[in-house]
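Subject: Structure for your files, with notes

Hello,

I am handing over the structure we spoke about. Please look through it before reading the notes underneath.

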Amino acid sequence: MKPDGIHPRVQRELEEVLTKPLSIIFQQSWQTGVVPADWRLANVTPIHKKGQKDDPGNCRPVSLTSVPGKIMEQIILSAIMQHMKDAQVIRPSQHGFMKGRSCLTNLISCYDKVTHLVDERKAVDIVYLDFNKAFEMVSHSILLEKVAAHGLHGSTLHWVKNWLEGQAREWW
């Protein structure tokens, strides 16, 4: 059960009835930058990562939030990703957090480049960096500045700023 008290199955069964009202809510939220408080509520559940299951350090928290909030996040993410692609901010070599790409596609691409260089008898150096937890430490204000510097303005940037500020107030 999500924190809004509405089971996702109920929302799915009523999607024909809910589509129009939700689209109005999404549009108004985007235009005004107001993020409904219910979308910020979350049930935090520990998910086991590795090691002993009884050690809390081996778990990561997962936030279960409302379905409408998740849908709106996906709409905003889609708008940001489209803008970044149109502005050619994201390089074709980017694999992380890209639809249709993964660690596996990154590994295959790397392997292909390395074998090509070895075939040409060129030297190859590989440096492996582990960015584990790097994104948990990203400053929201710096992130917003960088996104704005790449031309994302208006309602989308305003909505993200308000969403992040709400998250910071609730979690910190």
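The notes below go from the overall fold to single residues.

Overall fold

Please keep in mind that this is a predicted model. The secondary structure of the protein amounts to seven helices and two strands. Read from the N terminus, the order of the elements is α-α-α-β-β-α-α-α-α. The radius of gyration is 20 Å, well over the 16 Å that the globule rule gives for 172 residues, so the protein is more spread out than a compact globule. The C-alpha trace spans about 65 × 45 × 35 Å along its principal axes. As for burial, 18% of the 172 residues count as buried, where buried stands for under 20% relative accessible area.

The N-terminal part

Ile6, Val10, Leu14 and Val17 make a nonpolar surface patch of about 330 Å². One of these, Leu14, sits in the loop between α1 (8-13) and α2 (15-32). Leu14 counts as partly exposed because its relative accessibility is 41%, and the partly exposed class lies between the 20% limit for buried and the 50% limit for exposed.

Helix α2

The helix that follows this loop, α2, has 18 residues. From its first C-alpha to its last, α2 reaches 25 Å, which is close to the 26 Å expected at 1.5 Å a residue. There is nevertheless a bend of about 30° in α2, and it falls at Pro21. Gly33, just after α2, takes a positive phi of about 80°.

Gln31 also belongs to helix α2. With a relative accessible area of 49%, Gln31 is partly exposed. What lies across from it in the fold is far off in sequence: Gln31 and Trp159 are 128 residues apart along the chain, while their C-alpha atoms are separated by 8.0 Å.

Positive phi outside glycine

Two further residues deserve a look for their backbone angles. Gln88 has a positive phi of about 55° although it is not a glycine. Its place is in the loop between α4 (67-86) and α5 (103-119). Gln88 is exposed, as its relative accessible area is 69%.

Arg121 is a residue other than glycine as well, and its phi is positive, near 60°. Arg121 lies in the loop between α5 and α6 (140-149). At 80% relative accessibility, Arg121 counts as exposed.

The salt bridge

Side chains of opposite charge can pair when their charged atoms come close. How many salt bridges does the count come to? The count comes to one salt bridge. In it, the side chains of Glu120 and Lys122 meet at 3.3 Å, N to O; the cut-off for such a contact is 4 Å. Glu120 is partly exposed, with 38% relative accessible area. Lys122 is partly exposed too, at 49% relative accessibility.

To recap the points to check on screen: the bend of α2 at Pro21, the positive phi of Gln88, the positive phi of Arg121, and the salt bridge of Glu120 with Lys122.

Regards

Technical notes. Residues are numbered from 1 along each chain as its sequence is written. This is a predicted model: local features need pLDDT of at least 70, side-chain atom pairs count only at pLDDT 80 or more; totals for chains, interfaces and linings use all residues. Side-chain values use heavy atoms; hydrogens and water are left out. Patches are made of residues with over 30% relative accessible area and no salt bridge: like charges are joined within 9 Å, nonpolar side chains (Val, Leu, Ile, Met, Phe, Trp, Tyr) within 5 Å. Accessible areas come from the Shrake-Rupley method with a 1.4 Å probe; for residues, only the protein chains shown count as cover. Helices (H or I, at least four residues) and strands (E, at least two) are DSSP runs, numbered from the N terminus. Buried means under 20% relative accessible area, exposed over 50%, partly exposed in between (1.4 Å probe, protein chains only). The expected span of a helix is 1.5 Å times one less than its number of residues. The bend at a residue is the angle between axes fitted to the seven residues ending there and the seven starting there. The radius of gyration is taken over C-alpha atoms; the globule rule is 2.2 Å times the number of residues to the power 0.38.
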